[in-house]
Amino acid sequence: MLITAENPAARPLLTTTVAKEYVHRAALAEVFLTGWTKAGSASFTVSAQWPRSHSFYECENGLYDPLLLCETVRQTFPLLTHVAYDVPLGHQLSWSRFQYSVNPDAMRLERNPAELELHVTCSDVRLIRSLPASMSMHIEAVRDGTTLAVAHTHFGCHTPAVYRRLRAGRAGDGAFVNAPMPTPPVERTAVNRHRLRDIVLSPAPQRQRWQLRVDTTHPVLFDHPVDHVPGMLLLESVRQAGHALQPFPTGVMPASMDATFQKYVEFDEPCWIEAESIAGTAPAHDGRRTVRVNALQGEGLAFSATTEMVDTTP
């Protein structure tokens with residue numbers, strides 16, 4: 001069929017990413033979502049592509065990084081709140097709960113970038129003046145007809161005025177600009193990271209305890225200015241604490257995680273990461289163990305998570 005200006009329907013369908021503003025990213029290279037369609041009154045299909053190599057979410061032992069799934073989900077909820085629920089740009093989203101579990105066999109690196117379909121069902125939508133104030137999403141990620149992962153998340157959605165009240169004077173770029181210099185990192189081998197800038201833990205005097213290392217110049221974790229420590233940095237601290245607690249010799253995958261965000265983690269005071277193996281899971285003969293991680297700041301618990309760490313040695 002001849003492709004002409006008079007026959008635009010004959011033009012091939014080209015793949016692009018969604019607008020970076022819809023996923024709250026500044027760099028186009030960090031946008032993993034490529035499109036979306038409505039599948040029902042509260043269900044959607046979101047398409048995504050994973051690169052075969054990434055500067056931070058590194059493939060190890062021929063497997064994609066589950067934190068790449070976490071970032072893909074994190075991009076999905078702002079996308080759908082903006083395009084499907086008409087939430088204006090400038091509203092702030094805040095995680096309260098996040099769970100995922102991956103199928104390691106479907107995480108294998110292949111010759112082409114991974115093409116994913118995310119089947120999303122929204123529920124518990126609480127509306128204020130016709131806009132969502134909070135909602136839940138259940139997500140099944142499918143790759144080549146195989147379930148790659150399932151995830152569930154609950155988050156709040158705040159107008160600029162509500163967010164300013166929630167942040168009690170901390171909203172804006174001031175906290176980001178004035179954030180302290182990052183504390184010294186632990187050894188690379190302790191957390192299985194090759195670059196110092198990717199290490200999010202600093203040594204502490206106590207065993208099984210570290211200070212959260214916050215480097216606001218990191219090009220992925222801090223893609224743009226924010227007024228608090230991002231949720232993705234806290235999820236990365238879970239992975240690194242799980243490895244530091246009892247390092248695997250050649251690599252480990254956080255195959256599942258159940259995380260709760262109790263309050264914002266601020267830049268201007270230390271945040272302490274504590275980890276422990278749950279009784280009966282370490283050491284595990286099948287290369288699996290379950291780890292509980294808490295993040296404490298000031299007088300209280302800011303974040304907690306449980307993860308299953310799986311040895312990925314071929």
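Here are some worked exercises on the predicted model shown above.

**Exercise 1. The sheet**

Work out in which order the twelve strands of the open sheet are arranged, and which strands form its edges.

Solution.
- Start with the order, which reads β1-β2-β4-β5-β6-β3-β9-β12-β11-β10-β8-β7. The pairing is antiparallel.
- Now look for strands that pair on one side only: these are β1 (33-38) and β7 (201-203), the edge strands.
- To finish, check the twist. Ignoring direction, neighbouring strands of this sheet are turned by 25° against each other on average.

**Exercise 2. The neighbours of β12**

Find how many bridges join β12 to β9 and how many join β12 to β11, then pick out residues that stand opposite each other.

Solution.
- Take β9 (residues 252-261) and β12 (residues 300-311): they pair in the antiparallel sense over nine bridges.
- Along that pairing, Pro 254 faces Met 309 of β12, while Val 252 stands opposite Asp 311.
- Next comes β11 (residues 288-297), which runs antiparallel to β12 and is joined to it by ten bridges. Here Leu 296 sits opposite Leu 301 in β12.
- Then look at the turn. The hairpin of β11 and β12 has two residues between the strands, and Gly 298 takes a positive phi there, near 65°.

**Exercise 3. Helix α1**

Decide where α1 lies on the sheet, how its span compares with the expected one, and whether it is largely enclosed or not.

Solution.
- Place the helix: α1 lies across β1, β2, β3, β4, β5, β6 (146-158) and β9. Against β3, α1 runs at about 135°.
- Check the span. With 18 residues, α1 reaches 26 Å from its first C-alpha to its last, close to the 26 Å expected at 1.5 Å a residue.
- Count burial: 17 of the 18 residues of α1 are buried, so the helix is largely enclosed by the rest of the structure.
- Look at the start of α1, where a side-chain oxygen of Asp 65 comes to within 2.9 Å of the backbone nitrogen of Leu 67.

**Exercise 4. Thr 72**

Describe the surroundings of Thr 72, a residue of helix α1.

Solution.
- Begin with accessibility. Buried means under 20% relative accessible area, and Thr 72 has 0%, so Thr 72 counts as buried.
- List the contacts: leaving aside residues up to four places away in sequence, Thr 72 touches Phe 32, Leu 33, Ala 48, Trp 50 and Leu 118.
- One of these partners gets a polar link as well, since the side chains of Thr 72 and Trp 50 are joined by a polar contact of 2.8 Å.

**Exercise 5. Three salt bridges across the chain**

For the pairs Arg 239 and Asp 65, Arg 143 and Glu 110, and Asp 227 and Arg 167, find where the partners lie and how buried they are.

Solution.
- The cut-off is a side-chain nitrogen of Lys or Arg within 4 Å of a carboxyl oxygen of Asp or Glu. By this rule, the model has 21 salt bridges.
- Arg 239 and Asp 65 meet at 2.7 Å, N to O. Arg 239 is in helix α5 (residues 231-245) and Asp 65 in the loop between β2 (43-50) and α1 (66-83), so this pair ties together parts 174 residues apart in sequence. Both Arg 239 and Asp 65 are buried.
- Arg 143 and Glu 110 meet at 3.8 Å, N to O. Arg 143 belongs to strand β5 (residues 131-143) and Glu 110 to the loop between β3 (92-102) and β4 (114-128), so the parts tied together are 33 residues apart in sequence. Arg 143 is buried at 5% relative accessibility, whereas Glu 110, at 42%, is partly exposed.
- Asp 227 and Arg 167 meet at 3.3 Å, N to O. Asp 227 is in the loop between β8 (209-212) and α5, and Arg 167 is in helix α2 (residues 160-167), 60 residues apart. Both ends count as buried: Asp 227 at 7% relative accessibility and Arg 167 at 3%.
- Finally, follow shared partners. Salt bridges join Glu 58, Asp 65, Arg 193, Arg 195, Arg 197, Asp 198, Glu 236 and Arg 239 into one network.

**Exercise 6. Helix α5**

Work out how far α5 reaches and how many of its residues are buried.

Solution.
- The 15 residues of α5 reach 21 Å from first C-alpha to last, close to the 21 Å expected at 1.5 Å a residue.
- As for burial, 15 of the 15 residues are buried, so α5 is largely enclosed by the rest of the structure.

Conventions. Residues numbered from 1 in each chain as written. Predicted model: local features only at pLDDT ≥ 70, side-chain atom pairs only at ≥ 80, totals over all residues. Heavy atoms only, no water. Helix = DSSP H or I, 4+ residues; strand = E, 2+ residues; numbered from the N terminus. Buried < 20%, exposed > 50% of the residue type's maximum accessible area, 1.4 Å probe, protein only. Pairing = 2+ DSSP bridges. Axes fitted to C-alpha atoms, helices over the stretch in contact; angles between N-to-C directions. Contact = heavy atoms within 4.5 Å. Expected span 1.5 Å × (residues − 1). Polar contact = N/O pair within 3.5 Å; in protein donor to acceptor, adjacent residues only side chain to side chain.
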